[in-house]
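Me: I would like to go through a protein model with you, one short question at a time. Please give the reasoning before each result.

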Amino acid sequence: MKNKTLTTGRIQQKRATRAKILETAQRLLQTQAAFSLEDVAQTLGISRATIYRYFSDVDLLCTEAALSFQAKQPADFVLDTQHLGLAESLAYVQAYYNWLAQRHEPAFRKYLSVVLAESVKQGSGASLRGARRLDALEAVMRRYAAQIEPANYERLKQTVSVLTGIEPMIVNKDVNGLSNDASNDLLQWALQMILKGMEAEKVGTGTTGAAGKASNS
């Protein structure tokens, strides 16, 4: 448990550092035409080595920083879903990020291509991407933590993330040949099937959880 706590703490610290880097880049994007990774590091008061662990290319940083301007923050999702059940809250997060990906599709595709190229250079262990979807899902799921089986909590969050955003949209459009609306319908259906499966499992074990209550509300 101690090692798990330490690992969780490190992940949260890395996310916090990454968020500060993005915020600094956003401010620089608003005040000057061009800047380097070294400029961001100096402004933030961190070393060059530190910023290069998160972003090895200034174009990658600028692309993500620009996209982050458009995205809601976790606190926004908490407020938006405060009167919704778990199923509706997850569907809301999914629908929002799918809409965001479609509205800014060229930028997201460019960002993804840069990320994939950098991943090849740096290896699978590189910290290349943010976790906006996971942070948003965690924000709305947290209040239901006691009602979700511990073994399913992280799996549910990660599975909804897989059904959300630019990656499944690209598969549906480029591979499956679906329109944006058809893609949204398919991804929403997949989420509903997962939640129904979880609820059926709970009924089979004699328990009723948040997903079931939300589905019946």
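Me: Does Tyr96 count as buried or exposed?
Reply: The model is a predicted one. A residue is called buried when its relative accessible area is under 20%. Tyr96 has a relative accessibility of 10%, so Tyr96 counts as buried.

Me: How is the pair formed by the rings of Phe77 and Tyr96 classed?
Reply: Phe77 is buried as well, with a relative accessible area of 0%. The ring centres of Phe77 and Tyr96 are 5.3 Å apart, and the planes stand at 80 degrees. Planes over 60 degrees apart fall in one class, so the pair of Phe77 and Tyr96 is edge-to-face.

Me: How many residues apart are Phe77 and Tyr96?
Reply: Phe77 is in helix α5, while Tyr96 is in helix α6. Their pair links distant parts of the chain, and the separation is 19 residues.

Me: How many aromatic pairs are there, and what is the centre to centre distance for Phe77 and Tyr92?
Reply: Two rings pair if their centres lie within 6.5 Å, and the count comes to five aromatic pairs. Phe77 and Tyr92 form an edge-to-face pair with 80 degrees between the planes, and their distance centre to centre is 6.2 Å.

Me: Why does the pair of Phe77 and Tyr92 tie together separate parts of the sequence?
Reply: Phe77 belongs to helix α5, which covers residues 74–80. Tyr92 belongs to helix α6, residues 86–103. The pair therefore ties together parts whose separation in sequence is 15 residues.

Me: Which residues form one aromatic cluster with Phe77, and what lies over the face of Phe77?
Reply: The cluster joins Phe77 with Tyr92, Tyr96, Tyr97 and Trp99. Over the face of the Phe77 ring, at 6.0 Å from the ring centre, lies Lys72.

Me: How many salt bridges are there, and which side chain meets Glu38 in one of them?
Reply: A salt bridge needs a nitrogen and an oxygen within 4 Å, and by this rule the count comes to ten salt bridges. For Glu38 the N to O distance is 3.3 Å, and the partner is Arg48.

Me: Which helices does the pair of Glu38 and Arg48 tie together?
Reply: Glu38 is partly exposed at 26% relative accessible area, whereas Arg48 counts as exposed at 52%. The two are ten residues apart in sequence. Glu38 lies in residues 37–44 and Arg48 in residues 48–54, so the helices are α2 and α3.

Me: What separates Glu105 and Arg109 along helix α7?
Reply: These residues form a salt bridge, with the closest N and O atoms 2.8 Å apart. Glu105 counts as buried at 14% relative accessibility, and Arg109 is partly exposed at 28%. Both are in helix α7 (residues 105–122), four residues apart, so the separation is about one helical turn.

Me: What is the accessible area of the nonpolar patch that includes Trp189?
Reply: Trp189 is in helix α11, which runs over residues 180–204. On the surface, Trp189 forms a nonpolar patch with Leu186 and Met193, and together their accessible area is about 290 Å².

Conventions: Residues are numbered from 1 along each chain as its sequence is written. This is a predicted model: local features need pLDDT of at least 70, side-chain atom pairs count only at pLDDT 80 or more; totals for chains, interfaces and linings use all residues. Side-chain values use heavy atoms; hydrogens and water are left out. Rings of Phe, Tyr and Trp (its six-membered ring) pair if their centres lie within 6.5 Å; planes under 30 degrees apart count as stacked, over 60 as edge-to-face and the rest as tilted. Buried means under 20% relative accessible area, exposed over 50%, partly exposed in between (1.4 Å probe, protein chains only). A charge sits over a ring if NZ of Lys or CZ of Arg is within 6 Å of the ring centre and within 35 degrees of the ring normal. Patches are made of residues with over 30% relative accessible area and no salt bridge: like charges are joined within 9 Å, nonpolar side chains (Val, Leu, Ile, Met, Phe, Trp, Tyr) within 5 Å. Accessible areas come from the Shrake-Rupley method with a 1.4 Å probe; for residues, only the protein chains shown count as cover.
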